[in-house]
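The following explanation introduces a protein to a reader who has not met it before. Please keep the sequence and the structure in view while reading.

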Amino acid sequence: MTLGQLVALLGGTLEGSGDTLVSRVATLDAAGPGELSFLHNVRYRHQLSSTRAAAVIVAPSDAALTTRPRIVAANPYAYMARAAALLSPAVRPAPGVHPGASVHPGASVAADAWVDAGCVVGAGAEIGARAVIGPGCTVGEQAVIGEDSVLHTRVSVYHDCRVGARCVLHAGVVVGADGFGFAEEEGRWVKVPQLGRAVLGDDVELGANTCIDRGTLGDTVVEEGVKMDNLIQVGHNVLVGAHTAIAACAGIAGSTRIGRHCKIGGAAMIHGHITLCDHAVV
C-alpha cells in the first residue's frame, strides 16, 4: 500500500511522498526498503536517524527529527498496530466442516464458518458466521461461539457457555470448567455443583492455556474488549470489567469484581470476594 492509502484509511497527517510503497511493518533497527517503521518510545529515538525504513510513524513531537516520509499520529504504537493488520491480514480457511470433525446433527454451524479436523461440536451448539474452530477443539452442548471468532488448537468451551463476536481464544484455553468449589464436612470434601456459565463478551482475547471457570450458581463474566495473556486463572463467579488487560500468570480468586479499564500485571494474585474500581492498576 502507499502511505497515501494508509492515511486515507487510518487518518493521521502525511509528511513527504504519499506514493511511497510499504509492504510490512518492522522495527527501526531491522526495517529496510519497502518497510514501514514506528517510534513510540523515547529510548529508541536515536535509531530514527539511522533506520533504513521506507517510511516511519511518529508522534507530533518527533516529526521534525527525520526527513523520511512519515505519518504523524497522536499514538504511533496504536497506529502501527492498525497498519500492520492492513498490511498483513490474518488468513482464514475456506468455510466448511472437515471430514474428520464430529458435529452433532442438532448443532448449528453457519455456512461460512470453518470447523477443523478432530473437533467435537455438541448438541444444540451454535457456531456463528465466519467463525473458525481450529483443530481438536471441543464446543459443548448448547454452547455458543459468536461471529468472526477464532478458536485456535485444542480450545475447550464447555456446555452452555458463551463466546462473543470477534473473540480470539489461543491454544489450550478452557472456558467453563468447574470452579473450585468444595464444602468441608468431617474432614472430607463435598463437591459443590457448578451450575452457572462462563460468558465472554465481544472482542475478548485469551492467551494460551488461560482458564475461565464457570459460576457456581450465577455466571462468570468477562466483559467486552478484555485482553488476557497466557496462563491466567479466573475463578468462579468473577466479573472482569470491559477493556481490562491482564498479563501472564495472574490468578483471580472467586467472586472478585474487577472494574473496567483495569491493568493487572504479570503474576498478580487477586483475593476472592473483593472489588477493584475502574482504572485500577495492580
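The paragraphs below go from the overall fold to two individual residues.

The model shown here is predicted. Its secondary structure consists of two helices and 34 strands. Measured out along the principal axes, the C-alpha atoms fill a box of roughly 75 × 45 × 25 Å. Among contacts in the protein with a separation of 6 or more, 20% are accounted for by residues 24 or more positions apart.

The surface can be described next. The protein has 282 residues, of which 46% count as buried. About 13600 Å² is exposed, and carbon and sulfur atoms supply 55% of that area. The protein carries 20 positive and 25 negative charges, and the mean positions of these two groups are 7 Å apart.

At the start of the chain, M1 lies in the segment before helix 1 (3-10). M1 counts as partly exposed because its relative accessibility is 29%, a value between the limits of 20% and 50%. Leaving out residues up to four places away in sequence, M1 touches L6, L9, T20, L21, V22, L86 and L87. G218, by contrast, is 217 residues from M1 in sequence, and their C-alpha atoms are 49 Å apart in space.

The second residue is Q47, placed in the loop between strand 3 (35-38) and strand 4 (55-58). Is Q47 buried or exposed? Its relative accessible area is 17%, which is under the 20% limit, so Q47 is buried. Apart from neighbours within four places in sequence, Q47 is in contact with L28 and D29.

Conventions. Residues numbered from 1 in each chain as written. Predicted model: local features only at pLDDT ≥ 70, side-chain atom pairs only at ≥ 80, totals over all residues. Heavy atoms only, no water. Helix = DSSP H or I, 4+ residues; strand = E, 2+ residues; numbered from the N terminus. Buried < 20%, exposed > 50% of the residue type's maximum accessible area, 1.4 Å probe, protein only. Contact = heavy atoms within 4.5 Å. Areas by Shrake-Rupley, 256 points an atom, 1.4 Å probe, with all protein chains shown as cover. Lys, Arg positive; Asp, Glu negative; His and termini not counted. Charge placed at Lys NZ, Arg CZ, Asp CG, Glu CD.
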